[in-house]
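User: Could you walk me through this one, question by question? I'd like the cut-offs spelled out as we go.

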Amino acid sequence: MQNRNSYNKIEDFLSDESFQKWVKGNDDPLNWSEWTVENPYRAKLVEEARLWIIGMKVEQTPLTNQETQKALQKVWKKIGRSNEELPFRAIWHHTWFRTAAAVFVVGLATFLYYANLSSPQNTTITYQELVKSDLNGLIEQTNNSDKPQLITLSDASSVLLQPNSKLSYPKIFTGNERKVYLSGEGFFEISKDPNRAFYVYANETVTKVYGTSFRVIAYANQPNVEVLVRTGKVKVSSNQNIRNATLEEVMLLPNQAARFVRKEQLFEKILDITQDKPLLAATNTMEQLSFDFKDIPVHQIFKTLEQGYLITIDFPEDKLKECYLTTSLSDVPLPEKLKIICESLGSNSRYEMNGNYIKIISNGCK
Amino acid sequence: MTGEDRVKDCVQDVFVDIWTYRYKLNEAMVVKAYLLSSVRKRIARLHHREHIFSNIKNTDSLEFLFDFSIEDRLIADETTAKKVEQLNKSINKLSDRQKEAIYLRYHQGLTVDQVADVLNLNYQSTKNLLHRAILQLRRDFPISALFLLLNFSPN
């Protein structure tokens with residue numbers, strides 16, 4: 001404590017216990033009364049401080065000995081009780097335990113939430129679910145053979161469905177959307193229609209195009225969904241029905257691909273299919289064949305188509321012997337290809353298509 | 001349970017805690033400051049809990065609800081009585097926090113450091129809090145000036 005001789009503020013006196021005691025008239029061992037009158041300035045300060053102390057009294061109800069004893073008893077009783085429950089209560093009284101418990105609970109909740117999110121039933125979408133959600137009557141084609149199967153859609157688009165694959169599509173596309181559902185693998189050649197987008201729903205992905213050719217690989221039991229672009233522009237996105245789906249979109253150009261990792265719900269964009277071994281292996285004759293023909297005999301063009309689409313083309317060999325064509329057929333579906341060829345051959349040429357069997361009716365190219 | 005009983009409960013709980021953690025307590029602590037601070041925290045916690053349960057929105061920090069009174073027996077004349085009364089009014093008009101700081105500092109004799117601890121403030125804020133309280137009282141009630149006038153008047 002400061003020496004009282006240097007006191008020069010009321011606060012100095014207020015915080016001096018012995019001064020307070022003296023003001024309150026109890027005792028005066030330090031002889032404040034004498035000290036006060038030693039100096040007139042000091043006397044004024046002391047008088048002022050005295051008034052402050054008088055004016056800021058705090059009521060205190062004196063405790064009787066009995067009350068103190070009673071309170072003490074209660075405390076000991078409580079201590080006795082807390083000793084009995086100590087192992088349990090003590091741990092609950094620790095802040096660290098409560099904090100740890102809170103962190104644990106929050107962590108568990110978060111874990112369960114995300115575990116729930118990434119559990120298969122919530123994030124994977126099956127072909128069955130997709131087909132069921134489409135209210136239009138759908139036709140389902142299943143390829144159980146060991147060869148690719150050609151499917152022609154009502155808009156003259158063609159799909160080359162690989163073995164062990166399924167495609168569901170409406171008999172006739174209505175409205176301003178064309179939607180098909182794929183399980184497995186298919187090579188799509190979509191007829192151009194800028195007013196009606198074409199969608200391929202495959203597992204958790206949606207591929208949107210207006211008119212291009214591309215391959216979709218989406219087997220139910222495989223970890224990835226892959227979309228490989230042959231021609232044109234393709235937009236691949238995740239199906240919006242996936243909970244927590246960060247709506248991702250990938251724009252693809254020819255020879256680019258997107259790989260959707262189903263477990264992580266993420267897209268991986270491959271800028272050059274030829275640099276990606278698994279994808280390169282997935283491409284087959286379809287991607288390797290060129291449908292750009294320059295002064296090529298028609299029978300050879302048909303042979304190329306047979307190779308690519310694994311179809312049989314029956315044509316009058318004799319009549320078309322001398323026919324040569326220069327045309328680019330890479331960006332159009334098979335029916336369109338056949339149509340273009342027939343138109344080039346002459347007005348009387350046409351084709352008939354029956355599954356994998358195609359018949360060309362023509363009188364030659366004159 | 002009345003408010004008084006609950007406060008008594010809090011005080012008892014503080015002693016129970018002291019007993020329970022008697023081996024872990026800091027030996028350097030100032031007993032009075034520790035007790036005041038512990039009881040205050042207990043009451044605040046109880047208050048907070050009751051606010052949660054009664055679903056009252058206003059959970060403002062604990063109010064320091066008490067008024068300073070006047071030590072009547074020490075007043076000898078009417079002039080003093082008037083002055084003291086005025087001062088007492090001014091003191092009770094201070095904010096709850098200022099009153100609490102004054103109580104702890106001048107009635108419980110805690111150091112500014114200890115008051116800061118109890119109020120959960122830093123040293124400088126506590127010092128400012130106290131200083132501003134005194135300053136306001138002086139402004140409301142310039143006793144010194146009065147005294148000077150009285151002393152100079154021929155009496």
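Analyst: Let's fix one term up front: a residue is buried if 20 or more other C-beta atoms lie within 10 Å of its own, exposed if 12 or fewer, and partly exposed in between, with C-beta atoms placed from the backbone. This is a predicted model, where local features need pLDDT of at least 70 and side-chain atom pairs count only at pLDDT 80 or more, while totals for chains, interfaces and linings use all residues. Residues are numbered from 1 along each chain as its sequence is written, and chains are lettered from A and ligands numbered from 1 in the order in which they are written.

User: What percentage of the residues of chain A count as buried?

Analyst: Chain A has 13 helices and 18 strands; these are DSSP runs numbered from the N terminus, with helices being H or I of at least four residues and strands E of at least two. Of its 366 residues, the share that counts as buried is 30%.

User: Is helix H5 (residues 112–119) of chain B largely enclosed or not, and how many of its residues are buried?

Analyst: Among the buried residues of H5(B) are B:Val115, B:Asp117 and B:Leu119. Right after the helix comes B:Asn120, with a positive phi near 65°. H5(B) is largely enclosed by the rest of the structure, because the buried count is 6 of the 8 residues.

User: How are helix H12 and helix H13 of chain A oriented to each other?

Analyst: H12 (residues 298–309) and H13 (residues 334–345) of chain A pack with their axes 12 Å apart, at an angle of about 175°. Axes are lines fitted to C-alpha atoms, for helices over the stretch in contact, and angles run from 0 to 180 degrees between N-to-C directions. Under 35 degrees counts as roughly parallel, over 145 as roughly antiparallel, 65 to 115 as roughly perpendicular and the rest as oblique. That makes H12(A) and H13(A) roughly antiparallel.

User: And how many residues of that contact are charged?

Analyst: Contact here means C-beta atoms, placed from the backbone, within 7 Å. H12(A) brings A:Val298, A:Ile301, A:Leu305 and A:Tyr309, and H13(A) brings A:Leu334, A:Lys337, A:Ile341 and A:Leu345. Ala, Val, Leu, Ile, Met, Phe, Trp, Tyr, Cys and Pro count as nonpolar, Asp, Glu, Lys and Arg as charged, and the others, Gly among them, as polar. The split is 7 nonpolar, no polar and, for charged, 1.

User: Which class do helix H4 of chain A and H3(B) fall into by orientation?

Analyst: The axes of H4(A) (residues 40–55) and H3(B) come within 8 Å and cross at roughly 60°. Residues meeting there include A:Leu51 and A:Trp52 in H4(A) and B:Val84 and B:Leu87 in H3(B). The contact divides into 6 nonpolar, 3 polar and 1 charged. The two helices are therefore oblique.

User: Which strands stand at the edges of the open sheet S15-S18-S17 in chain A?

Analyst: Strands pair if DSSP finds at least two bridges between them. This sheet has 3 strands and mixed pairing; S17(A) and S18(A) (residues 357–361) pair antiparallel over 5 bridges. Two of its strands each have a single partner strand, so one side of each is left without a neighbour in the sheet: S15 (312–314) and S17 (350–354).

User: Which residue in the turn of the S6(A)–S7(A) hairpin has a positive phi?

Analyst: S6 (residues 197–202) and S7 (residues 205–209) of chain A run antiparallel, joined by 5 bridges. One bridge partner pair is A:Phe198 with A:Val209. The hairpin leaves 2 residues between the strands, and the one with a positive phi of about 50° is A:Asn203.

Methods: Two residues are in contact if their C-beta atoms, placed from the backbone, lie within 7 Å.
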